[in-house]
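Notebook, charged pairs and aromatic rings. I wanted to look up side-chain contacts and write down what I found.

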Amino acid sequence: MSQRRAIHVDPSELLCTKGCGFYGNAAWQGLCSKCWRDENQREKQKQIQEDWALAERLQREEEEAYAYRQQRTQPHSTPIKPLSKLEERKTKEKPSRVNSVTKLFTAKTPSKKDVSFDAHSSPSPSSSTGRHSSADSDITTKEFIDFLKPLKSGREIFKQCRAFTESMIYKRDIEVDEFSECVQDFYQNLSDRLLTQFKGSSEHVESVMDEVEKYIMIRLYKDVFCPETTDDEKKDLAIQKRIRSLHWVTIEMLCVPVDEEIPEVSDSVVKAITDVIEMDSKRVPKDKLACVTRCSKHIFNAIKVSTKEAASADDFLPTLIYIVLKANPPRLQSNIQYITRFCNPSRLMTGEDGYYFTNLCCAVAFIEKLDGPSLNLSPEEFELYMSGQASPHWPPPTAACSSATGSAALTQVNQSMDLLTGLGVRQERVLEKARQMESDLIDWTDEVEQKVQSVLDSLPAGTPELPVTTDSGTTPTAASSAIDSDNVENELLPPPLQPQVFAG
Amino acid sequence: MAATGGGKTYSFKVVLLGEGCVGKTSLVLRYCENKFNDKHITTLQASFLTKKLNITGRRVNLAIWDTAGQERFHALGPIYYRDSNGAVLVYDITDMDSFQKVKNWVKELRKMLGNDICLCIVGKILLLQTRFSGGAIVVVYSYAESVGAKHYHTSAKLNKGIEEMFLDLCKRMMETAQAEERLKGNGASQSASSRRGVQIVDDEPQATPTGGCCSSG
Ligand SMILES: Nc1nc2c(ncn2[C@@H]2O[C@H](COP(=O)(O)OP(=O)(O)O)[C@@H](O)[C@H]2O)c(=O)[nH]1
Ligand SMILES: [Mg+2]
Ligand SMILES: [Zn+2]
């Protein structure tokens with residue numbers, strides 16, 4: 001029908017709408033190929049120019065905002081003296097090393113060159129770190145713009161996000177929960193508007209919101225991850241210590257259904273551990289969540305290979321607990337708090353990532369509250385293990401051991417115990433002997449003293465005053481005193497021989 | 001946002017509660033993947049499963065959260081069912097202890113989420129062991145009614161009662177969500193309540209089954 005109508009169309013309607021005389025084409029919006037190319041080129045050019053202008057403006061605004069921020073932090077920086085001092089020292093250290101090196105090589109050229117070195121090198125460290133972070137956010141800005149470019153409302157979205165982020169940077173001294181509330185409100189308002197105003201599908205909105213989250217949180221991360229106003233850091237250290245003290249917890253106690261003897265399983269376990277540790281290195285909440293999800297998938301694989309069944313929560317949670325205990329992930333509480341406060345809410349509430357994250361929260365809560373009964377242990381056993389007085393790997397002789405490896409371990413323990421007891425006895429004996437020897441020595445010196453005394457007593461009274469007569473020296477003391485004393489009897493000796501000259 | 005708009009997608013979170021071995025996993029695998037005791041498992045996990053539904057022209061995304069049922073994890077319940085819109089509580093009709101557990105959960109859920117959460121109590125039928133008495137069933141039904149829950153008997157093995165149960169749960173969750181919407185009306189508290197889990201999403205008008213290339217599924 002439509003085809004037939006096309007045939008009967010007036011030929012003049014087929015001409016290029018630019019009026020160049022060539023035939024146009026509907027696919028080229030009624031233009032001929034040449035005009036279309038020109039037009040398209042212009043359109044493209046215009047867009048490129050617009051992009052350029054936008055990028056330039058953003059760059060300028062970024063720089064302004066950055067400068068403003070620097071300015072604002074200057075008066076604030078007084079309490080953070082240690083850092084600036086450290087930097088000072090750093091910059092001082094560097095030139096001095098350069099100094100000595102240059103001195104070594106150019107011993108004749110004096111300090112003049114070194115001074116110029118100094119002047120050049122000192123500002124570089126601080127400016128390079130500044131450049132680093134701004135370059136980082138520059139990349140995210142660029143990516144964000146690239147992502148928004150095809151969207152009709154892209155510019156509007158960017159403007160709002162940028163304005164919001166800047167406003168939040170100035171608010172970073174407020175309570176973190178309030179801060180989180182602001183960010184969450186922003187997410188909510190923006191996604192509401194995207195849904196209604198721009199008629200986006202929910203998937204589309206989600207993908208935009210992911211980029212929004214990335215752009216905002218890369219900027220705010222430094223200020224809101226483990227902020228000083230909270231006790232997040234204290235909690236991090238507490239859970240880390242707690243996990244360390246639970247090093248003795250075994251797979252059996254947690255009823256973890258994985259068999260690490262299987263290479264594929266132990267491989268998955270290692271990967272799961274790596275993933276949950278990696279969470280700390282990400283800055284965007286969504287990226288942190290993705291680490292938890294990857295970790296969970298490896299756990300599922302370990303369970304599936306071990307049990308030949310799809311993992312249910314009954315299997316998954318204990319295994320996740322085991323992985324967390326083995327990994328002892330850095331800044332665990334800070335990461336959980338950060339995700340809770342700043343992640344896109346829809347992702348956390350109903351999404352798959354949210355499910356795994358919730359299980360991670362459960363694992364941490366379980367580890368914090370863990371006691372004997374939750375590991376099928378008596379409170380006494382739990383206490384012994386916690387205090388390190390006993391270990392499930394080396395059970396005390398009273399513990400009943402059913403397995404062969406258990407009894408083997410038991411005999412080994414008993415042997416060790418015997419050996420230790422034997423060594424203890426021998427040490428006792430050595431100590432006893434040493435004590436004996438000490439008293440013998442004391443006795444001996446007493447004896448000697450006594451003997452000397454008795455000898456001295458047996459000598460006639462007054463003799464000690466006549467050392468002169470002692471030419472034989474019966475007692476060593478007398479002899480030595482005679483030698484050491486000044487040569488009192490010198491005058492009694494014949495005069496020394498004098499050299500004499502013989503004539504002849 | 002017009003209240004009488006065309007397509008809207010609801011996203012609901014449903015927690016699955018029940019003692020170990022009462023049949024939670026079987027129930028959800030039957031519902032979401034139509035599998036029972038499948039030896040050729042292609043499913044990696046049965047802890048988090050989703051289902052897309054179309055109820056009276058409204059699209060519904062169900063996310064079903066399995067929970068660890070062991071006693072030592074009992075205290076973790078509130079972390080799991082935060083922000084959930086519905087709960088399916090499973091017990092074994094031949095084991096009244098497992099029903100007692102259900103009662104405890106109901107108490108906790110109502111305390112924490114009030115009437116915002118829709119409850120389904122599910123008695124798993126084991127055809128081989130029909131030792132339950134009619135009296136017990138009366139007790140169970142009257143209890144469910146007293147706590148504002150619906151009671152169902154299901155069999156994962158025979159695939160009986162499961163679709164109906166979830167369908168009814170979804171309808172009730174939709175009613176709750178709509179009531180909440182009406183309540184807030186054009187109020188300013190919109191953000192707070194929708195952050196609580198009910199997400200209402202406008203569909204693009206042309207999103208009909210024929211138009212989708214890979215989005216359906
Ligand atoms: N006959 C029958 N067996 C079932 C049904 N549901 C579960 N089972 C069996 O009950 C056992 C425990 O089920 P499972 O789903 O693992 O329980 P869960 O621990 O609550 O997840 C399994 O052996 C299932 O085959 C059912 O509806 N009918
Ligand atoms: Mg199960
Ligand atoms: Zn032309």
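Which residue forms a salt bridge with B:Asp83? I looked it up in what is a predicted model, and the partner is B:Arg82, with the closest N and O atoms 3.6 Å apart. I then checked how accessible the two residues are. B:Asp83 has a relative accessible area of 14% and is therefore buried, since buried means under 20%. B:Arg82 comes out at 47% relative accessibility, so I entered this residue as partly exposed.

Entry on the total. I took the count of salt bridges over all chains, and it comes to 22.

Entry on A:Lys326. I found the side chain of A:Lys326 in a salt bridge with that of A:Glu260, at 3.6 Å from N to O. This pair links distant parts of the chain, with the two positions 66 residues apart in numbering. I placed A:Lys326 in helix α13 of chain A, residues 313–327. A:Glu260 I placed in the loop between α10 (251–254) and α11 (263–278) of chain A. Are the two partners buried, exposed or partly exposed? A:Lys326 has 45% relative accessibility and so counts as partly exposed. A:Glu260, at 26%, also counts as partly exposed.

Entry on A:Asp275. I noted a salt bridge between the side chains of A:Asp275 and A:Arg294, 3.5 Å from N to O. Here too the pair links distant parts of the chain: A:Asp275 belongs to helix α11 of chain A and A:Arg294 to helix α12 (residues 285–307), 19 residues apart. I recorded A:Asp275 as buried because its relative accessible area is 7%. For A:Arg294 the value is 34%, so this residue is partly exposed. I also looked for further partners, and found A:Asp275 and A:Arg294 linked with A:Glu278 and A:Lys282 in a network of salt bridges.

Entry on surface charge. I listed the members of a negative surface patch: A:Asp440, A:Asp443, A:Asp446, A:Glu447 and A:Glu449. I followed up one of them, A:Glu447, which lies in helix α18 of chain A, residues 404–458. A:Glu447 has a relative accessible area of 43%, and is therefore partly exposed.

Entry on aromatic rings. I searched the whole structure and got 23 aromatic pairs over all chains. I took up A:Phe300 and A:Phe316, whose ring centres are 4.7 Å apart and whose planes stand at 35 degrees, so I wrote this pair down as tilted. The pair links distant parts of the chain, A:Phe300 being in helix α12 and A:Phe316 in helix α13 of chain A, 16 residues apart. I found both A:Phe300 and A:Phe316 buried.

How are the rings of A:Phe316 and A:Tyr356 set to each other? Their centres are 6.0 Å apart and their planes at 70 degrees, so the pair is edge-to-face; the cut-off for that is over 60. I traced A:Phe316 to helix α13 and A:Tyr356 to helix α16 (residues 352–369) of chain A, 40 residues apart. Both A:Phe316 and A:Tyr356 are buried.

Last entry, on the cluster. I asked which residues the ring pairs link into a cluster. My list from chain A has A:Phe300, A:Phe316, A:Tyr355 and A:Tyr356, and from chain B it has B:Phe48 and B:Trp65.

Technical notes
Residues numbered from 1 in each chain as written. Chains lettered and ligands numbered in written order. Predicted model: local features only at pLDDT ≥ 70, side-chain atom pairs only at ≥ 80, totals over all residues. Heavy atoms only, no water. Salt bridge = Lys/Arg side-chain N within 4 Å of Asp/Glu carboxyl O. Helix = DSSP H or I, 4+ residues; strand = E, 2+ residues; numbered from the N terminus. Buried < 20%, exposed > 50% of the residue type's maximum accessible area, 1.4 Å probe, protein only. Patch = residues over 30% accessible without salt bridge, like charges linked within 9 Å, V, L, I, M, F, W, Y side chains within 5 Å. Areas by Shrake-Rupley, 256 points an atom, 1.4 Å probe, with all protein chains shown as cover. Lys, Arg positive; Asp, Glu negative; His and termini not counted. Charge placed at Lys NZ, Arg CZ, Asp CG, Glu CD. Phe/Tyr/Trp six-rings, centres within 6.5 Å; stacked < 30°, edge-to-face > 60°.
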